[in-house]
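Hi everyone, thanks for making time this morning. I'd like to walk you through one model, so let's put it on the screen.

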Amino acid sequence: MARVAIRGYSYCLSHTPELALHYGNTPYMERVSHGETEYLKKLARSMQSFDEACSYAPNQAFIGGIDLDTLAGQPAPMYQNRLEGASRFGRFGEIMPENEFLGLIDICDVFDIIWLEGSFAADVSRELEKHPLMNGKLMSRLEKGHDSSEIEKETEEHGALPLLCQGRVVGCCRKGHDFDESLSAHVLLENIASKAGSVLALLHLLKTTGLSPTDIDYVIECSEEAAGDMNQRGGGNFAKAVAEIAGCANASGFDVRSFCAGPVNAVIAGATQVASGARPNVVVLAGGAIPKLFMNSRDHVRKGIPPLEDCLGSFAVLLDADDGTCPVMRLDALGKHSVGAGASPQAITSALVYEPLQKIGLSFGDVDKFAAELQIPEITVPAGAGDVPAANFKMIAALAVMKGELKKEEMASFVESKGIPGFAHTQGHIPSGVPFIGHACEAIKAARYKRVMIIGKGSLFLARLTNLSDGASFLIEPSSGRSGEARGVTPEEVRGILLEALEDLSKELTG
Amino acid sequence: MDLQNQQRVKDAAEKYGAENLVVILGSSDAEGAEIYAETVTNGDPTFAGPLAGVPLGLAVYHVFEQDIRDEADPSVWEEQIGMMEMVLDTEGLANAVKGVREQYGKYTL
């Protein structure tokens, strides 16, 4: 059976309230349609500071500053019960402040799209010089800056978008073409911010794994942005653009898209390349989505809670051969939501959870933790979308009841024991199962879990191309302790082989 | 309710007549269900979409209301919705939409 090691992982947030206020889709559309309304004024007044973002427990859980048991024990509402002494750096990554992130965006700019104001560029340069992951090569990419008058002219006369930090215009994002909407300043800003988030996650991944950038063989990017021009709107390739900035000279790459199911599909795509021997290692990564910042802020402002969607998420996962030292992905039990599977919640849950387990002779109880959509409930509940992670765990429990593997009265305890609290920002692909890989691998290494399932689900119908949704899943287990193929079969594998053989026999007999 | 769905509901009401239209909601959250129900009866409470100030008064039901369940083939119901009955607060959702319908609706099944 093919298994692939999960060698490393990193998770980062970039705290970008000004990008959210000006270019998050909800406030942006409000401003375009109705001007500076009372909602926008209240939103600007209620934004979280960087220190507040750092002390918000779900953010710390995302970057590995606290574990999930600590998060679960945190009194609610967590925006009123903040952590004392929280650091911007966690075991998995960091929370980067907006001024440094704008500097990083400029470092990632190879087409002179981003202009920074001179004094701001100098200040940011001093800040980034202190950053443990910035090296001379990266810092040499940071521009010296432009006069305020140049930036003003570019925004007023040439369609550039102003970039703000703490209420002040500190730069602009220029358009890439006079008429091409795919190269508008808005699209380019979203793309380069996503690229910068991925670069940040990749730099952290290299640090935590101890690898050199030139050790990376392949990169798969799985955000929800589209890079291209009017002739090929989603041509790509974010992956190579990210690898280039991080100095991964020996890497190539490509992009995978499937809305929120992108990351799980991308991890599977990377793992199969490693398992086949085609690539010695693959990094799967993604940056965040500016349009989704402050997406639910209208409800947050109306209900007087802080607009919490002020961080761009990013992550990177390194896959390579199973050498017996790291948790592994199993490739013989991948969940797949096929075209004909059906769109009802139970059809989707069955395809992604029940069928892969059944294939290898396992039951719901054999999985210690399930991780599907991990949005922070304090963001989604006030917006009328409910506690999304809890709803997913309840669906899995209900399916277990329908399959006769659980009693109905045991549902609550199943959800309690198999679920995890939501701790990821509402950026589609970012909360979709993958944030749990880091915590899960740590728990597996510590022998606290023996098996977890990572689930991704995507709403393909949003693109008006198909009414279908998508989904994929995989299992993570401890390594066998032995490398690669040279090992025996487990009783579970024997059970799986027997079940497959019986199924084949049944098909032949009914034939 | 997103702006495009509001437009679709408005267009359908104009084309077929509000009295001939039934809206069935599948929202998993009672508060959200109330907002959707209010949008198609009293008008968009957020005043952001095409139904702002347009009180269509449509017959709106949550899929978990008994009236809707009675219309469904039991085997299809079990296959499509049975699992979610165990997950969601069916009574709370049904009552939420019923309350709004009784307050603002002009039509029923």
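Let me start with the place where the two chains meet: how many residues of chain A are in contact with chain B, and how many of chain B are in contact with chain A? There are 15 on chain A, and they touch eleven residues of chain B. On the chain A side, helix H15 (345-359) and helix H17 (388-402) each supply at least two residues. The largest share comes from H17(A), with seven residues. If you sort that side of chain A by class, you get nine nonpolar, four polar and two charged residues.

Please keep in mind that this is a predicted model. Its scores are ipTM 0.85 and pTM 0.92. Chain B has an average pLDDT of 95, and 100% of its residues score at least 70. Among the elements of chain B, strand S2(B), residues 59-62, has the highest mean pLDDT, 98, while helix H4(B), residues 74-80, has the lowest, 93.

Now, over to a helix in chain A. Why can we say that H19(A), residues 436-445, is largely enclosed by the rest of the structure? Because eight of its ten residues are buried. They are Phe436(A), Ile437(A), Gly438(A), His439(A), Ala440(A), Cys441(A), Ala443(A) and Ile444(A).

And what do those buried residues pack against? Their partners in chain A are helix H6 (68-72) and five strands: S1 (3-15), S9 (311-321), S11 (369-371), S12 (452-458) and S13 (470-477). One last detail for those of you who like backbone angles: after H19(A) comes Ala447(A), which has a positive phi, near 65°.

How values were computed:
Residues are numbered from 1 along each chain as its sequence is written. Chains are lettered from A and ligands numbered from 1 in the order in which they are written. This is a predicted model: local features need pLDDT of at least 70, side-chain atom pairs count only at pLDDT 80 or more; totals for chains, interfaces and linings use all residues. A residue is buried if 20 or more other C-beta atoms lie within 10 Å of its own, exposed if 12 or fewer, and partly exposed in between; C-beta atoms are placed from the backbone. Helices (H or I, at least four residues) and strands (E, at least two) are DSSP runs, numbered from the N terminus. Two residues are in contact if their C-beta atoms, placed from the backbone, lie within 7 Å. pLDDT is the predictor's confidence in each residue, from 0 to 100. Ala, Val, Leu, Ile, Met, Phe, Trp, Tyr, Cys and Pro count as nonpolar, Asp, Glu, Lys and Arg as charged, and the others, Gly among them, as polar.
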